[in-house]
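Thanks for coming, everyone. Before I begin, please take a moment to look at the chain as a whole, and then we will go through it together.

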Amino acid sequence: TASQEAEKRGWHLYLVGGAVRDLLLAEATSDTLMIKDIDLVVDGFHKSADVGAGVELAKALQQLYPAARLEIHGAFQTAALLWHKDPELDSLWVDIATARTEFYPYPAANPEVEASSIRQDLYRRDFTINAIALRLTSPRSGELLDFFGGLLDLQAKQIRVLHPNSFIEDPTRIYRGVRFAVRFGFEIEPQTEEFIRYAINSGVYDRTSQENTKTPALQTRLKTELKHILEAPYWKSALQLLDNLGALQCIHPTLKLNALLLRQLRLLELCLRRFDAEQTFIHWQMRLEALIAHLAPEYRMKVAQNLQLQDDSIVRLKNLVQSFSQVIESLPTFQRPSQVVQLLRQYDLPMLILIALQSPRYIRHQIWEYLTVWANVQPLLNGNDLKKLGYKPGPQYRQILDDVVAATLDGVIKDRTEAEEFLA
Ligand code: CTP
């Protein structure tokens, strides 16, 4: 329908970006493909200077598909149609952009002008494999437009940038390149790697790292990329590659994936698997928190704020120093498990994990014991039992039952009979 609407107006319409790449990859591997994000570029001139062809096309489509929500971004450049949980489509996001050179009239049939317009649009993209267009309008619909060797790079499994300045203009592309390389098992092509290293050495990360808060949009995009990476199954290999390229500096100049951090990340995974299999907490954010917690305390807040972490994460990172010292100073002085429980139960699971990551082994063991055994100990008696024993019902029941739990934890009582004797 989109191509019919475009053709009616004498415009050209293309499928671009990740969908074309994924289609070609799926074709090569005979994998089934699930596309949830479609990028279209429309190349056409609109008589009103206020409305881009993309916006008009999106409006026309929305009339035909009223279930779709229409969003218009920027003055008149791009529009999006969103089908959210449509019974047939599940959820689908269609972005419709207008090719850059739409602002002067040209005969739609002129192939040279058309080629230069879509070429220009593709040239400002990140990698050759993401800069292939599939023409959706006739004539020659179904034709691939591959000006920069994207098909060859797909075959050769290469991540190749389109121009030397790409990473300087947009440092988050370094993270995107790594993500695509690890996700598809591709190599970053040597020249591209040099451009990445050049961008990092020339201090491009200063714009993203903690020093500068004047570029929130960049920080937001960096966080989006970090999210994509840290929630993917390949997150560890991606971090490794980012580290090899020196790109973790974009988060903070001192961040290195050393043996200690790797050990902390392994322990984090173990804890998340064991204690949060239901994913009550957001695991990619916990990974990001662990990276930030690994930094020296004086850097943590700035990085957390720049990356706009959630409020609870920021509070946790802020309190970490104090909570950590409280645990590390108190635990060795305790003689009884009930004292450990009393101290540790004031912290939520993510905080306990952050503390455990930084603790020496014997403290870690106590926290582990707390999480696996001690925190789950239930009182051997209940309210009815207390009533039978002659205690008057009231708020003091909580305290009495807590005492029963403490006595159980400390091995003072073993069963109900002993509990009753204990309270008699
Ligand atoms: N793009 C770019 N530079 C960026 C972000 C995006 O050039 N910093 C271009 C790429 O051509 C990309 C397209 O915009 O293919 C769409 O971006 P996005 O949806 O973020 O990525 P996809 O390539 O679709 O990847 P994914 O499969 O991860 O969604």
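Let me start with the ligand: the largest share of the shell around it, three residues, comes from helix 7. This is a predicted model, in which local features need pLDDT of at least 70 and side-chain atom pairs count only at pLDDT 80 or more, while totals for chains, interfaces and linings use all residues. Residues are numbered from 1 along each chain as its sequence is written.

The residues around the ligand, meaning those whose C-beta atom, placed from the backbone, lies within 6 Å of it, include Gly17, Gly18, Arg125, Asp126 and Asn130. Two elements, strand 2 (37–43) and helix 7 (172–184), give two or more residues to this shell; helices here are DSSP runs of H or I with at least four residues, and strands are runs of E with at least two, numbered from the N terminus. By class, the shell has one nonpolar, four polar and seven charged residues, with Asp, Glu, Lys and Arg counted as charged, Ala, Val, Leu, Ile, Met, Phe, Trp, Tyr, Cys and Pro as nonpolar, and the others, Gly among them, as polar.

Turning to helix 15 (residues 337–344), its buried residues are Ser338, Val340, Val341 and Leu344, where buried means that 20 or more other C-beta atoms, placed from the backbone, lie within 10 Å of the residue's own. Seen down the helix axis, these buried residues fall within an arc of 155 degrees, so they line one face of helix 15, the arc being that of the directions from the axis to the C-beta atoms.

Finally, the protein as a whole has 20 helices and nine strands, and buried residues make up 38% of its 424 residues.

Note on methods:
Buried ≥ 20, exposed ≤ 12 C-beta atoms within 10 Å, placed from the backbone.
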